[in-house]
Amino acid sequence: MTPATSQRRQALLRALVAGAAGLTIAVGVVGAVVAVRDLGERADVNSGYDFADREIAWGNGWTLSQEGLYAARSLIPPQADYDIVMGDESKFTDPLTHRFAPNYVHSFLMPRHLRRGAGWVVCFRCERETLGAGVTVLWEDPEVGLSVLRLPREGAA
């Protein structure tokens with residue numbers, strides 16, 4: 001290999017390295033501009049959420065009603081035991097509601113204690129007649145099928 005050929009190869013290699021570095025910088029600058037724009041758009045969307053949307057957050061999709069959650073929290077005393085009764089899975093359009101709503105409600109209502117057969121009930125499209133006689137409806141949204149109930153239980157807090 002002659003010195004001229006070696007110099008041409010080195011010059012070509014430098015040009016390729018410089019081109020790759022330039023392309024990397026250009027892609028990085030464009031990516032940064034796009035990322036900042038996207039963050040701004042996301043911030044605009046997030047700033048439009050109210051307190052309830054922020055507090056309930058991931059539960060919005062399958063808890064059926066923000067108002068129902070707040071009603072349960074305001075009606076069931078903090079030291080009380082409560083139960084969550086779910087209607088048949090076929091009554092829900094989203095299978096996640098039947099599966100995950102009880103877990104979400106449990107965390108939302110803390111420090112209240114989830115206990116089967118408790119005197120307070122959060123009812124998700126449940127059959128009230130299965131709960132026995134004397135059920136008192138304290139709050140209800142028939143459109144979504146969510147209600148907060150009180151059952152006549154001895155010693156129920």
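**View 1. Cysteine 123 sits buried in this predicted model.** The relative accessible area of cysteine 123 is just 2%. Because buried here means under 20%, that value puts cysteine 123 in the buried class. Its partner is cysteine 126, and the two form a disulfide. Cysteine 126 has a relative accessible area of 12%, so cysteine 126 counts as buried too, under the 20% mark.

**View 2. Here's the bond that joins cysteine 123 and cysteine 126.** As a quick refresher, a disulfide is a covalent bond between the sulfur atoms of two cysteines. How far apart are the sulfur atoms of cysteine 123 and cysteine 126? They lie 1.9 Å apart in the model. Turn about the S-S bond and you get -115 degrees, which goes with a left-handed link. If you're hunting for others, the structure holds 1 disulfide, and this pair forms it.

**View 3. Helices α3 and α4 pack against each other.** Helix α3 covers residues 66-75, and helix α4 covers residues 95-108. The angle between them is about 45 degrees, with the axes 10 Å apart. That makes α3 oblique to α4. As for handedness, α3 passes α4 in a right-handed crossing.

**View 4. Zoom in on the side where α3 meets α4.** Which residues of α3 take part? Leu69, Tyr70 and Arg73 are the ones to look for in α3. Over on α4, they meet Tyr104, Val105 and Phe108.

**View 5. Glutamate 143 sits in a loop between two strands.** The strands on either side are β4 (136-141) and β5 (146-150). Is glutamate 143 buried or exposed? Glutamate 143 is exposed, with a relative accessible area of 76%. That figure earns the label because exposed means over 50%. Serine 65 is 78 residues away from glutamate 143 in sequence, yet their C-alpha atoms are 9.8 Å apart in space.

**View 6. Stepping back, the protein chain has 4 helices and 5 strands.** Starting at the N terminus, the order reads α-α-α-β-α-β-β-β-β. The protein chain has 157 residues, and 27% of them count as buried. Take the contacts with a separation of 6 or more: 62% of these come from residues 24 or more positions apart. The accessible surface of the protein chain is about 10000 Å², and carbon and sulfur atoms own 60% of it.

Conventions:
Residues are numbered from 1 along each chain as its sequence is written. This is a predicted model: local features need pLDDT of at least 70, side-chain atom pairs count only at pLDDT 80 or more; totals for chains, interfaces and linings use all residues. Side-chain values use heavy atoms; hydrogens and water are left out. Buried means under 20% relative accessible area, exposed over 50%, partly exposed in between (1.4 Å probe, protein chains only). Contact means heavy atoms within 4.5 Å. Accessible areas come from the Shrake-Rupley method with a 1.4 Å probe; for residues, only the protein chains shown count as cover. A disulfide is a pair of cysteine sulfur atoms within 2.5 Å. Axes are lines fitted to C-alpha atoms, for helices over the stretch in contact, and angles run from 0 to 180 degrees between N-to-C directions. Angles under 35 degrees count as roughly parallel, over 145 as roughly antiparallel, 65 to 115 as roughly perpendicular and the rest as oblique. A crossing is left-handed if the near helix is turned anticlockwise from the far one by less than a right angle, and right-handed if clockwise.
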